[in-house]
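Student: Hey, I've got a new structure to look at and no idea where to begin. Can you walk me through it?

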Amino acid sequence: MKKMVLLAAIMLMGVIQNVNAQNENEDCGVLVVPTMYDNVSVANDGLFVVAQGDKKGVIDSNGKMIVPIQYDNITLGENGKDCGGLIVVSNNLERKTDYDDKSFIVGMYNKDGVMIAPMDKYEGIGIGNSDFGYEGLVFVKILQEVRKERETSIGSNKYIEYERHITKDGIILKNGTLLTFDDRISIEKGGLIIVKENGLKGILDKNGKAIIPCKYDDISMRMRNGLIEVTTPMQKENGKYVHKYGVYNDKGQVVVPVGKYERIDIERKYIIVKNGTQKGVLNINGTQIVPIGLYEDCSEEECDERGQYYVSISSHGKRGVVNDKGKVIIPIGKYERFRVLDTNFVAIMQNGKQGIIDMNGVMIVPIGKYEQLAYRYGVLTYSKNGKWGVLNNKGIQATPAEYDNIEPARHSTGMAAVSKEGKVGVVNKDGKIVVPLGDYADGETNGDIIILKSTDSKVIVKTNGETLLPIEKYKCAEAKFGKLTPLNVNAEYGFFEINSNGKYGVVRLW
């Protein structure tokens, strides 16, 4: 069973489909970054940070130096979701104070190597994390003034001279416009900008347009589902001072009117609303799923398949399940036990026997039909006469119960390693054989790349099964350039780090 565990491990990042070595290409790869640097690192957008000694620069995927090697620090924005193509550079600046040892002078280049933020204007530039840059927006600290000041040492006539930098927060929009603010701001996922005006908060979109007015005491972003909770300033109502709550979506549209409920909790998939001790559930569009007070309690719960959620209802210590249309699919207390597997399946148990219903309450695997049922990582399996098989999403047998073991692979979009009579293969969640039973000895993954080794060959495949590099070309490249190491984010595009006599470069193999 050792091979089973090993093959499941190499499938952690996705699908392995049957591959056959292709004919060797005439070339052994293209040298993108020559082996002359002390270090090479990579981010999205085909940009490579190279280092010589303590200084860094940037080379693009065509081998062109677009940022000279003269900076202490370089940060690259991530392509697609954040600030792809933006390059923040900085040099350390020693500050002569006891309480502020080091600061930075900062600038920014675009992907074409043009400096779009000069080094003498900004004290700080941030891209690529939750507070400092999304959707091409860039957070900046604008250098307003440099003051020469001195600090006297206690008990002596000596003093230390230092610079005090006066800054102001700002944001550079995608069109290059600079917005400045008197109060602290933050950039959130989706390119939404939380701003303050006269002590109250509002939101601008990524083009700088106001979508939520600055009239709220607090704003809480829940960008996993695109919802924004707002809280009004304290106001007097029926002799008491209270906050009121509401919900907007990321377009600035009202989802839950302010003050409709006494309390609002935005969860990962649903909105829990409260009046007093009574609770109800809304979906992310504000449509009611469970009316307030209908059950003793209702809540959002996580399915066995992590990252998926459902609505649980309860009364008198017993539980049930409601689907997203508000239909009760498991009445409170109907079954001895149940487990919501994902947003498609619910495993139920009655009199010690198992069955499966779907999220419309339809029985797709009758109670007691099979000896055992198991579900992991999108694959539903059953056992019969000591052997295992796969059921599809309708509960129909997708494979006979013929395997000695089935091991679903984490993060594999519904793939499972199967073993039979000492041979190992791969099937998908519909029972289709994608790697025929055979002898696989070793393997490793790197992002969307799988290096798969059998007893007599070694190939590199993408997680969609496409053969990228047969063993002959891999050996040719290592002989020509040196040891190959897939470069993290960019491995799927064929970029490999090479090491020759302690110096590093980059080769592209496909």
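Tutor: Here is a chat about the chain, its sheets, some single residues and its cysteines.

Student: What should I know before I start?

Tutor: This is a predicted model, so to speak of local features a pLDDT of at least 70 is needed, side-chain atom pairs count only at pLDDT 80 or more, and totals for chains, interfaces and linings use all residues. Residues are numbered from 1 along each chain as its sequence is written, and side-chain values use heavy atoms, with hydrogens and water left out.

Student: OK. How many helices and strands does the chain have?

Tutor: There are two helices and 48 strands. Both are DSSP runs numbered from the N terminus: helices are H or I with at least four residues, strands are E with at least two.

Student: And what share of the residues is buried?

Tutor: Of the 510 residues in the chain, 45% are buried. Buried means under 20% relative accessible area, exposed means over 50%, and partly exposed is in between (1.4 Å probe, protein chains only).

Student: How much accessible surface does the chain have?

Tutor: About 25,800 Å², and carbon and sulfur atoms hold 44% of that. The areas come from the Shrake-Rupley method with a 1.4 Å probe; for residues, only the protein chains shown count as cover.

Student: Let's do sheets. In what order do β35, β36 and β37 sit?

Tutor: The order is β35-β36-β37, in an open sheet with antiparallel pairing. Two strands pair if DSSP finds at least two bridges between them.

Student: Which of those strands stand at the edges?

Tutor: β35 (372–376) and β37 (387–391) do; each has a single partner strand, so one side of each has no neighbour in the sheet. From one strand to the next, the twist averages 30 degrees. For such angles, axes are lines fitted to C-alpha atoms (for helices over the stretch in contact), and the angles run from 0 to 180 degrees between N-to-C directions.

Student: How many bridges join β36 to β37?

Tutor: Five, with β36 covering residues 379–384 and the two strands running antiparallel. One spot to find is S383, whose bridge partner in β37 is W388.

Student: What about the sheet with β23 in it?

Tutor: That one is an open sheet of four strands, β23-β24-β25-β26, again with antiparallel pairing. Its edge strands, β23 (263–266) and β26 (288–290), each pair on one side only. Ignoring direction, neighbouring strands there are turned by 30 degrees against each other on average. Two bridges link β25 (residues 278–282) with β26 in the antiparallel sense, and V281 stands opposite V290 in β26.

Student: Which face of β17 is covered?

Tutor: The one with I219 and M221, whereas D218, S220 and R222 make up the uncovered face of this strand (residues 218–222). In a regular strand the side chains alternate between the two faces of the sheet. Five bridges join β17 to the antiparallel β18 (residues 227–231), and E229 in β18 is the bridge partner of S220.

Student: Switching to single residues: is S312 buried or exposed?

Tutor: S312 is buried, at 4% relative accessible area. You'll find S312 in strand β28 (residues 309–315).

Student: Which residue does its side chain make a polar contact with?

Tutor: The side chain of S312 meets the side chain of R319 at 3.5 Å. A polar contact is a pair of N or O atoms within 3.5 Å; within protein, one must be able to donate a hydrogen and the other to accept it, and residues adjacent in sequence count only if both atoms are side-chain atoms.

Student: And where is K168?

Tutor: K168 sits in strand β11 (residues 159–172) and is partly exposed, at 26% relative accessibility. Not counting neighbours within four places in sequence, K168 has contacts including V140, I142 and F181; contact means heavy atoms within 4.5 Å.

Student: Last topic: how many disulfides are there?

Tutor: One in the whole structure, between C28 and C476, with the sulfur atoms 1.4 Å apart. The cut-off for a disulfide is a pair of cysteine sulfur atoms within 2.5 Å.

Student: What does that pair tie together?

Tutor: C28 is in the loop between α1 (2–10) and β1 (30–37) and C476 is in helix α2 (residues 471–481), so the pair ties together parts 448 residues apart in sequence. C28 is buried at 11%, and C476 is buried at 18%.
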